[in-house]
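Trainee: I have a chain open on the screen. Can we work through it together, one question at a time?

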Amino acid sequence: MVSITHISINKDVDETVVSALIKLPGFEDRAWFRIPAGQFPDHEAAADAFFVLGLVLAMGTDGRLSMDVRVSKRLIYNADAIQSIIVGWYPKRVRRIDHVDVAARDVDKPLIQGKKISCFTGGVDSFDTLVRNRHDIDALLYVHGYDVPLHRTEIREATSKHLKEVAQETGIELLEVSTNIRVFLNRAATWSVIAHGPALAAVGHLLSTRFGTLVIPASHTFADKYAWGSHPLLDHLWSSYRLSVVHDGAGSTRVQKTRRLAQEPTARDHLRVCWQNTGKYNCGRCSKCVRTMIALELAGVLADFKTFDSHINLDDVRELKLTNMSGRSFVKENLDFATEQGHLEIKEVLQAVIDEFDQSRGAVAPQNVANGGASVATEQSQLRAVEKRIAGLERKVDKLERLWPVRAWRKLRGRS
């Protein structure tokens, strides 16, 4: 059983610490959130936040949840729809909760009107939400421990520095929260496709004594029909009577958002998309960096963005690896943009990346029955995939030839 008990709210110098004892099957520890002083979360806010997290933890473990505090009636009501959606998406990863020992509050505090806080990482989606809603957002929220691990202090400091500069340049308040909750969520659910949306909503509930609306920037468009941890079908269901959760920006593709940001000086100075956490603000080599750089290059503005190299290496584009439909959709957007811009070299490389992914999943083009064999499109995609593999091997050989003979021999034998 997932058990959440002993929720506490304590002052610690210039922070407020909200914590709870969480017991999972085979694991037990205290989960905590550190919130800047002056936010004053109450026990109802904390109860709602941990209930949101408890749902995910219970669905990803043994399907049993117990809490020793009362929770928003609306959240408890919404829990059925939340489970139906997530279990419908991932029937082999999660399960419906068959035992819930959580009581509803008799009375909920009303929604706090007029104060809106938007999740902000410095990435394309959150920057786009900020730009479009600049005069309607009262504060920006960044959570340390979500996309950047807490122990990566150098990345945390660099990220925090840029976020503070964005806040200063836009005149919008920045709230930085830190937490260890991923230690628990990682044991029950995949972060990207299940956990990150409710994790953001949980922090919104902690801040609901001051903010009545939490905005979660969309990753994908309404046209993208596959599941994701933050989704227009799902995000609003994390709302209570005192907090409204809003999914924003699903009307635009990632390429459209990126092109809009080309006109924003603050975005040109501080855009951050990297998930590799290599020590650089943007590594320039991971899939998110490369996809973003492609869109900026095709728009003719890559050199204007200070947080990226001024040119893109086509070898890095060729090395793009797609692991899910989410990544494929972003590459397809870039492919369409390359076609629109008439950039044939990037178009060809991106098409090969998509073809290789589709073939790995068995998604080949329809057979040309009249021809009695594989269609021309299938043959071309297979040829591009083979050419990509050959090019990759040639690059590896070039690297080996630059090594000393002994090192090269060890490399070929698979030794360090």
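Trainee: Which residue does D147 meet in a salt bridge?
Mentor: Keep in mind that this is a predicted model. The side chain of D147 reaches its partner with an N to O distance of 2.5 Å. That is a salt bridge because the distance falls within 4 Å. The partner is R272.

Trainee: How many residues apart are D147 and R272?
Mentor: The pair links distant parts of the chain. D147 sits in the loop between β7 (139–144) and α4 (153–170). R272 sits in the loop between α8 (265–270) and α9 (287–298). They are 125 residues apart.

Trainee: Is R272 buried or exposed?
Mentor: Take D147 beforehand: its relative accessible area is 30%, so D147 is partly exposed. For R272 the value is 4%. Buried means under 20%, so the cut-off settles it. R272 is buried.

Trainee: Why are K332 and D336 separated by about one helical turn?
Mentor: Their side chains meet in a salt bridge, 2.8 Å from N to O. An α-helix has 3.6 residues a turn, so residues three or four places apart point the same way. K332 and D336 lie in helix α11 (residues 325–341), and they are about one turn apart because their spacing is 4 residues.

Trainee: What is the relative accessible area of D336?
Mentor: K332 is partly exposed at 32%. D336 is partly exposed too. Its relative accessible area is 40%.

Trainee: Which residues are linked with D108 in a network of salt bridges?
Mentor: Start from the pair D108 and R105, whose side chains meet at 2.7 Å, N to O. Both D108 and R105 are buried. The network links D108 with D42, E44, D48, R105, K109 and R242.

Trainee: How many salt bridges does the count come to?
Mentor: We have gone through the pairs D147 with R272, K332 with D336 and D108 with R105. The count takes in a side-chain nitrogen of Lys or Arg within 4 Å of a carboxyl oxygen of Asp or Glu. It comes to 27.

Trainee: Now the fold. Which are the edge strands of the sheet?
Mentor: The chain has 14 helices and 10 strands. An open sheet of 10 strands runs in the order β5-β4-β1-β2-β3-β8-β7-β6-β9-β10, with mixed pairing. An edge strand pairs on one side only; here these are β5 (99–101) and β10 (244–248).

Trainee: Which residue is the bridge partner of P217 in β10?
Mentor: Strand β9 (residues 213–217) and β10 run parallel, and 5 bridges join them. P217 has its partner in β10. That residue is D248.

Trainee: What angle does helix α3 make with β9?
Mentor: Helix α3 (residues 124–132) lies across β6 (116–119), β7, β9 and β10. Its coverage is high: 7 of its 9 residues are buried. Among them are F127 and L130. The angle between α3 and β9 is about 130 degrees.

Trainee: And what angle does the direction of helix α6 make with that of β9?
Mentor: Helix α6 (residues 191–206) packs on the sheet. Strands it touches include β2 (15–24), β3 (27–36) and β8 (173–179). The angle with β9 is about 155 degrees.

Trainee: Which residues are closest to the centre of the largest pocket?
Mentor: The largest pocket holds about 1300 Å³ of space. Elements giving two or more residues to its lining include α3, α6, β9 and α7 (254–261). Of the 45 lining residues, the closest to the centre are W191, S192, W228, W275 and K288.

Trainee: What phi does H6 have?
Mentor: Most residues other than glycine have a negative phi. H6 is in strand β1 (residues 2–12). At 53% relative accessibility, H6 is exposed. Its phi is positive, about 55 degrees.

Trainee: Where is F40 found?
Mentor: F40 is not a glycine, yet it has a positive phi of about 55 degrees. F40 counts as exposed, with 52% relative accessibility. It is found in the loop between β3 and α1 (43–59).

Key. Residues numbered from 1 in each chain as written. Predicted model: local features only at pLDDT ≥ 70, side-chain atom pairs only at ≥ 80, totals over all residues. Heavy atoms only, no water. Buried < 20%, exposed > 50% of the residue type's maximum accessible area, 1.4 Å probe, protein only. Pairing = 2+ DSSP bridges. Contact = heavy atoms within 4.5 Å. Axes fitted to C-alpha atoms, helices over the stretch in contact; angles between N-to-C directions. 1 Å grid on protein atoms, 1.4 Å probe; cavity = no way out; pocket = protein on both sides within 12 Å on 5 of 7 lines; lining within 4 Å. Points joined across faces, edges and corners; volume = space filled by probe spheres on them.
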